[in-house]
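Please open the model in your viewer and keep the selection panel at hand. This tour goes from one selection to the next and says what is to be found at each stop.

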Amino acid sequence: MAEHSEPLATNTMTEQDYDRYEWVWNNTLNFNKSYGDHSINALIGMEALDVSQKGKEISRIDYFFESPDYYLLSNGGGAPNVNFAYDGGSSLFSLFGTINYNFAGRYLLTGTLRQDKSSRFVGDNKSDIFPSFSAGWILSEENFYPEDALVSRVKFKGSWGQLGNQTLPVNNPTTNISVLSEQFANYVFNGSGGATAGAILNAVGNPNLRWETSETTNIGLELGFFDNKLNLTGEYFIITTKDLINQDASLISSTAIDAAPPYVNLGSIQNKGVDASLSYADVTESGFRYGVNVNFSSYRNEVIDLISAFQPGFGGFRTSGTVTRTQEGEPISSFYGRVVDGIFASEQEVASSADQGFATPADGVGRFKYKDLNNDGTINDDDRTFIGNPHPDFTYGVNLTAGYKGFDVSAFFAGSQGAEIYFNDKVYSDFPTFFNGNRSTRVLDSWTPDNLDASLPALSQSITNNEGGPNTYYVEDGSYMRLKNLQIGYSFNEDVSSMLGMDSIRFYLQGTNLFTITNYSVLIRKFSQDS
């Protein structure tokens with residue numbers, strides 16, 4: 001549910017333009033040579049990337065006519081207003097080299113080294129070096145490995161490497177940015193007369209900002225059975241992201257100027273998990289072709305180091321404020337708020353429960369009841385806790401294929417299990433954020449004296465009891481399974497295609513996102529409307 005903007009009191013035209021220029025220049029030199037059982041493939045190169053952006057938005061009011069062809073900036077009666085203007089860019093310069101070594105198709109080695117230099121950092125932090133290497137051993141290619149073994153292919157593999165990140169939504173995070181502001185910065189020094197133009201700090205810079213680095217270690221195994229008709233792969237990985245770059249809102253106090261907080265290296269996060277896949281493909285004596293491919297991935301995310309006790313997430317929601325918190329020992333951006341423990345059904349229940357700030361016990365009847373997590377008899381911010389994890393327990397995909405003669409069919413299913421979603425739209429659809437706005441059918445299950453087992457508190461003209469703030473009512477199970485693609489086709493034989501002067505002819509019918517199985521409210525509503 002999108003929130004619509006408020007109606008304009010006067011007719012207004014807004015014109016915005018945006019230009020982006022980007023160029024890339026790269027050069028590589030490759031060496032490829034075999035010496036008996038030894039094979040070497042090496043590459044060195046450089047790459048330069050430059051991006052520049054420029055844009056503005058201008059608005060003007062009081063147009064005498066409201067026909068589209070009259071709406072030009074020159075025809076407005078009010079003074080033109082420059083809402084924003086910007087001009088910026090960034091550049092990246094990289095040197096890299098990689099070498100691959102192969103001995104007799106059994107032993108595989110790869111090493112890579114790159115140096116990246118970014119304009120987003122300053123001083124010694126502008127550039128950094130990122131190495132990586134990998135190794136593999138194909139056991140089934142050894143001379144002593146039996147040719148008629150049940151396991152027809154065995155490969156062990158492992159790798160370690162680092163990768164840098166400097167991608168940010170700003171181009172100069174190391175510099176303080178000030179802007180002219182008639183509203184906040186202009187000042188009358190003599191107490192009378194015209195105001196002197198002034199500038200105000202708009203964004204705080206951090207000259208100590210440095211590259212974010214992801215370090216990955218993994219080990220894996222590949223197995224093939226029955227002449228590689230059946231294949232199984234598995235991999236265990238650890239990804240540690242160090243010097244994570246993000247804005248640190250804790251450095252700007254609530255009474256400070258309204259400036260964007262600086263980008264800092266907040267800390268480190270770690271993902272540990274497994275990737276696995278299983279596939280089987282065969283053709284019967286009659287010519288029927290079929291195949292099954294299943295993939296599975298699971299990881300656990302944890303914040304292992306942070307420069308502060310916690311970091312709040314995005315706080316721009318209308319009534320909810322900040323709904324996520326990043327804290328050591330927890331998954332990054334976990335949902336944080338109060339735990340709803342039912343709905344008060346009587347004045348006696350309100351009076352005997354922790355104080356939620358109701359003027360009288362009668363005011364609490366029909367309202368959410370929150371858990372007193374610290375058992376101090378009062379419900380406040382100290383009773384908040386982690387109420388949801390946006391990271392899935394696992395994701396999966398299933399690809400099915402079949403064919404006979406010219407006919408073929410394929411279906412691809414994908415799903416995610418265990419991820420939780422904070423459904424903030426319920427603030428508008430289930431509560432009176434806009435009293436005269438449309439509501440969800442969920443409000444039909446609001447509390448009344450005759451509906452004590454309701455899912456929503458009693459209807460009201462305004463949000464009370466902090467029920468628009470972060471709490472467990474808004475957290476939903478985001479698990480789903482979706483048929484992402486279904487395709488049925490027929491290919492004509494070479495006689496037909498050559499007769500028409502073509503190499504091949506195939507007709508097919510394809511559907512995407514045909515159905516989704518989920519309990520998540522948004523997807524249920526969306527696919528019901530689409531159907």
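How many bridges join strand 5 to strand 6, and in which sense do the two strands run? Before answering, bear in mind that what you have on screen is a predicted model. Now select residues 127–138 for strand 5 and residues 151–165 for strand 6, and you will have the two strands that are joined by seven bridges and run antiparallel. To look at one of these pairings in detail, pick Ile 138, whose bridge partner in strand 6 is Lys 155.

Keep strand 6 selected and add residues 212–225, which form strand 9. These two strands also pair in the antiparallel sense, here over 14 bridges. A useful pair to display is Lys 157 together with Gly 220, its bridge partner in strand 9.

Next, go to the loop between strand 5 and strand 6, and select Phe 144, which lies there. Is Phe 144 buried or exposed? Its relative accessibility is 60%, and because a residue counts as exposed when this value is over 50%, Phe 144 is classed as exposed. Now add Tyr 107, Trp 137, Phe 156 and Leu 221 to the selection, since together with Phe 144 these residues make a nonpolar surface patch of about 480 Å².

For the next stop, move along the chain and select strand 15, at residues 310–312, and strand 20, at residues 385–388. Both belong to an open sheet of four strands, which is arranged in the order 15-16-17-20 and has antiparallel pairing. Strand 15 and strand 20 are the edge strands of this sheet, each of them pairing on one side only. From one strand to the next, the twist averages 50 degrees. If you then select residues 324–327, you will have strand 16, which runs antiparallel to strand 15 and is joined to it by three bridges. Within this pairing, show Pro 312 and look for Arg 325 in strand 16, which stands opposite.

Finally, clear the selection and zoom out until the whole protein chain is in view. Its secondary structure comes to five helices and 26 strands. The radius of gyration is 31 Å, whereas the globule rule gives 24 Å for 531 residues, so the chain is more spread out than a compact globule. Taken along the principal axes, the C-alpha atoms fill a box of roughly 90 × 65 × 60 Å. If you colour the chain by accessibility, the buried residues will make up 32% of the 531 residues.

Notes:
Residues are numbered from 1 along each chain as its sequence is written. This is a predicted model: local features need pLDDT of at least 70, side-chain atom pairs count only at pLDDT 80 or more; totals for chains, interfaces and linings use all residues. Side-chain values use heavy atoms; hydrogens and water are left out. Two strands pair if DSSP finds at least two bridges between them. Axes are lines fitted to C-alpha atoms, for helices over the stretch in contact, and angles run from 0 to 180 degrees between N-to-C directions. Patches are made of residues with over 30% relative accessible area and no salt bridge: like charges are joined within 9 Å, nonpolar side chains (Val, Leu, Ile, Met, Phe, Trp, Tyr) within 5 Å. Accessible areas come from the Shrake-Rupley method with a 1.4 Å probe; for residues, only the protein chains shown count as cover. A salt bridge is a side-chain nitrogen of Lys or Arg within 4 Å of a carboxyl oxygen of Asp or Glu. Buried means under 20% relative accessible area, exposed over 50%, partly exposed in between (1.4 Å probe, protein chains only). The radius of gyration is taken over C-alpha atoms; the globule rule is 2.2 Å times the number of residues to the power 0.38.
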